[in-house]
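Me: I would like to learn how to read charge pairs and the nonpolar core in a model. Please take me through one.

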Amino acid sequence: MKKILYTGVGHEIGGVELLVKQIVAKNLKKYEIHILAATDQQVAFEKYFLDNDVRIHYLKNIFGLKSALRRKFILRNFFDSEQFDIIHINANSLNASYMAKIATNVGCKKIIYHVHNVEPSGQKFLIKLLTKLLMGFNRKRLRKLKQVKIIAVSGDVKERVFGFCHTLKVSIYTNYFTLPAFKLLSLVTALVLDIAYIA
């Protein structure tokens, strides 16, 4: 059974958490599912995930500026030991592009980079400034990783994050919170089909 890792699940219920829960529900019988917590607290829907044999990984010291140097080493060891077939990176900016590069370096063949926002929400001024300053570098990094499928939640996010970078193919899957129920089902179905296709 192939292994999928979903990243970006935090302790509060938001768009990423709801979306991951829906995708997990559709894939429970097809894949061995893992979640990389984006928090050191209990993730949203933890009971649901654990009741359905989803493994949740809480890695310490990988988030924030203070962890910038050691997180690559920690993630490399984690990805290398688990050998995921597919990694679905949920991010609020391009700042997590390092995850895609590490995943590629350890041999993960299929990576989805899903951008949910233009910049990290709720972060300090310095983090937001660094996000803007590093945007070009992160675009260039993603451009070199051919096995990465890039998704943005809206045309606005696509334009503001990727600009007019025509060398990057970016698909648009509409933001979770803006969807009525019937369109939400089609979004989840599209992402599930993407996973099935690249698997």
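Reply: We go through salt bridges, then the core, then surface charge. Note that this is a predicted model.

Me: How many salt bridges are there, by the rule used here?

Reply: Side chains of opposite charge can pair when their charged atoms come close. In this model the count is three. Lys 47 and Asp 51 form one of them, at 2.7 Å from N to O. Both residues are exposed, and they sit four residues apart in helix H2, so about one helical turn separates them.

Me: Which residues are linked in a network of salt bridges?

Reply: Lys 3, Arg 55 and Glu 82. Between Glu 82 and Lys 3 the closest N and O atoms are 2.8 Å apart. Glu 82 belongs to helix H3 and Lys 3 to strand E1, so this pair ties together parts 79 residues apart in sequence. Arg 55 also meets Glu 82, at 3.4 Å from N to O; Arg 55 is in strand E3, 27 residues from Glu 82.

Me: Is Glu 82 buried or exposed?

Reply: Buried means under 20% relative accessible area. Glu 82 has 14%, so it counts as buried. Lys 3 is buried too, whereas Arg 55, at 42%, is partly exposed.

Me: Which element gives the most to the largest nonpolar core?

Reply: Helix H4, with five residues. The core has 35 residues; those touching the most other members include Leu 75, Phe 79 and Phe 162.

Me: Where do positive charges gather on the surface?

Reply: In a patch of Lys 72, Arg 76, Lys 101, Lys 140 and Lys 144. Helices H3 and H6 each give two or more residues to the patch.

Conventions:
Residues numbered from 1 in each chain as written. Predicted model: local features only at pLDDT ≥ 70, side-chain atom pairs only at ≥ 80, totals over all residues. Heavy atoms only, no water. Patch = residues over 30% accessible without salt bridge, like charges linked within 9 Å, V, L, I, M, F, W, Y side chains within 5 Å. Areas by Shrake-Rupley, 256 points an atom, 1.4 Å probe, with all protein chains shown as cover. Salt bridge = Lys/Arg side-chain N within 4 Å of Asp/Glu carboxyl O. Lys, Arg positive; Asp, Glu negative; His and termini not counted. Charge placed at Lys NZ, Arg CZ, Asp CG, Glu CD. Core = buried A, V, L, I, M, F, W, Y, C linked by side-chain atoms within 4.5 Å. Buried < 20%, exposed > 50% of the residue type's maximum accessible area, 1.4 Å probe, protein only.
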